[in-house]
Amino acid sequence: EEPSVPFALSLTPGQLEPAAPRTAQPIVDAQAIAMTRPIDIVSDMPAVPPSSSPGDHELDADGLEEIEPERMSLPGDFVSHALRTDAKPPPLLHTRPSPLQPPPSNPGTAEKQPAPLESPLAASSKAAEPRLAETEPTAAVKPPTKQKRAWWSELFDDEMVRTLDNPKRRDVERESSFIEQSLRLPPGARLLDLACGHGVHAVELASRGYQVVAVDLSTTLLGLARLYNEKRSQNVSFVQGDMRQIELEAAFDGIYCWGSSFGYFDDASNLTVLTRMARALKPGGQLLLDLTNRDFIAPRTPSTAWFDKPGCVCMDEVRFDFFTSRLHCKRMVIFESGRAREVEYSLRLYTAHELGIMMQGAGLTVTEVSGHRAHRGAYFGSESPRMIMLAKKE
């Protein structure tokens with residue numbers, strides 16, 4: 001808890017609850033760090049402690065591999081490092097008794113149990129088929145239905161985090177400078193990093209004198225963010241929360257949402273997120289959204305990309321739906337242990353016109369649009385890979 005930011009709450013590991021209906025224990029920071037590698041920021045991240053759990057993957061001490069900027073892999077660059085994981089993955093093998101095998105009884109008490117009362121018809125039926133009656137189950141037990149988790153819970157959990165792109169120190173510094181120059185706020189201003197992921201931008205901006213609150217839904221990513229925050233000796237307040245449930249009034253001088261973290265939900269929910277961000281801004285405050293440019297991506301799909309990360313090999317199959325304006329991706333991963341996973345996710349991509357209308361509906365005025373992080377204020381339509389929109393609350 002930071003006295004200078006009274007609305008920011010720092011959750012402790014004991015407060016984290018497992019996601020229903022899963023029964024595994026909640027992931028605390030130490031567990032999250034042990035199960036995955038930390039994001040490598042030019043080797044200044046602390047090493048991951050070795051895992052002692054027999055079910056955890058064996059990971060070496062190397063940092064995460066850097067990727068080539070030419071690769072068209074969507075998550076990590078086209079998808080935010082944000083959102084939820086609350087519990088360890090279920091074990092691969094489950095041991096449960098067969099419904100045809102009765103549970104073991106205590107021989108010392110079995111003879112003392114009174115026999116149930118039976119009607120003459122039931123007694124005669126039982127006498128006719130004694131062996132069948134002893135082996136058949138009395139009632140079929142229907143196993144509980146496993147609810148499918150939202151894709152952001154799958155993509156940003158402890159295991160799949162290994163497939164995300166790695167931030168590089170020089171890129172983080174340049175992007176933080178872009179955010180700083182766009183928002184034009186004096187040192188000491190209050191900033192909200194929404195869907196902060198591993199928190200590298202929040203920590204970098206805190207090192208430049210800003211008061212930063214960072215919100216994310218993934219306990220795994222928040223564990224890595226807190227570790228990096230301690231490594232850099234900064235004072236970022238990391239909060240676990242859903243971006244659709246922000247309840248703050250005029251609390252921040254600036255808000256930024258970096259790395260295509262906007263567009264996960266349907267249009268109504270996305271507008272709710274934007275409205276809540278606008279409400280959390282002080283009058284005159286500014287909002288900066290970094291998104292994938294729909295007009296750039298649409299003609300470049302479908303596509304397939306193979307890439308490898310430490311301990312796993314991944315393949316992304318990407319297509320764009322022109323009727324819903326959503327980008328769909330199927331990510332298939334094979335881990336070094338031989339275990340395979342598949343996650344399908346989708347992003348709602350907006351044109352500059354559509355997003356401008358949404359900004360206006362949320363009470364914001366668009367003041368600048370950039371098409372790349374290397375040049376502010378220049379947007380070239382379908383030739384710009386990004387759409388970085390700056391808006392002001394009047």
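A charge sits over a ring if NZ of Lys or CZ of Arg is within 6 Å of the ring centre and within 35 degrees of the ring normal. With that in mind, let us look around this predicted model, beginning with its rings.

**Aromatic rings and their partners**

The charged end of Arg244 lies 4.2 Å from the centre of the Phe265 ring and sits over that ring. A second arrangement of this kind involves Arg300, whose charged end sits over the ring of Phe296 at 3.8 Å from its centre.

Phe265 also takes part in one of the four aromatic pairs that the structure holds. A pair of aromatic rings is described by the distance of the centres and the angle of the planes. Here are two of the pairs:

| Pair | Centre to centre | Angle between planes | Geometry |
|---|---|---|---|
| Tyr264 and Phe265 | 6.1 Å | 70 degrees | edge-to-face |
| Phe320 and Phe322 | 5.0 Å | 85 degrees | edge-to-face |

How do the members of these pairs sit with respect to the surface? Tyr264 has a relative accessibility of 2% and therefore counts as buried, and Phe265 is buried at 5%. In the other pair, Phe320 is buried, with a relative accessible area of 8%, whereas Phe322 counts as exposed because its relative accessibility is 54%.

**The parallel strands**

Now for strand β2, which spans residues 211-216. Five of its six residues are buried, so β2 is largely enclosed by the rest of the structure.

On one side of the pairing scheme, β2 joins strand β1 (residues 190-194) in the parallel sense through five bridges; Leu191 has Val212 in β2 as its bridge partner. Together with helix α7 (residues 200-206), β1 and β2 make a right-handed β-α-β unit.

Strand β3 (residues 237-240) also pairs with β2 in the parallel sense, over four bridges, and Val215 stands opposite Val239 in β3. Between β2 and β3 the chain passes through helix α8 (residues 219-231), and this β-α-β crossover is right-handed as well.

**Nonpolar cores**

The largest nonpolar core has 59 residues, and those touching the most other members are Phe262, Leu274, Met277, Leu287, Leu289 and Leu355. Helix α9 (residues 267-280) supplies the largest share of this core, five residues.

Which residues does Met277 touch, not counting residues up to four places away in sequence? They are Leu194, Ile255, Phe262, Leu287 and Leu289.

Apart from the largest core lies another, of 26 residues. Ile179, Cys196, Ala202 and Phe238 are among its members.

Notes. Residues are numbered from 1 along each chain as its sequence is written. This is a predicted model: local features need pLDDT of at least 70, side-chain atom pairs count only at pLDDT 80 or more; totals for chains, interfaces and linings use all residues. Side-chain values use heavy atoms; hydrogens and water are left out. Buried means under 20% relative accessible area, exposed over 50%, partly exposed in between (1.4 Å probe, protein chains only). Helices (H or I, at least four residues) and strands (E, at least two) are DSSP runs, numbered from the N terminus. Two strands pair if DSSP finds at least two bridges between them. A crossover is right-handed if, with the strands pointing away from the viewer, the path from the first strand over the helix to the second runs clockwise. A nonpolar core is a set of buried Ala, Val, Leu, Ile, Met, Phe, Trp, Tyr and Cys residues joined through side-chain atoms within 4.5 Å. Contact means heavy atoms within 4.5 Å. Rings of Phe, Tyr and Trp (its six-membered ring) pair if their centres lie within 6.5 Å; planes under 30 degrees apart count as stacked, over 60 as edge-to-face and the rest as tilted.
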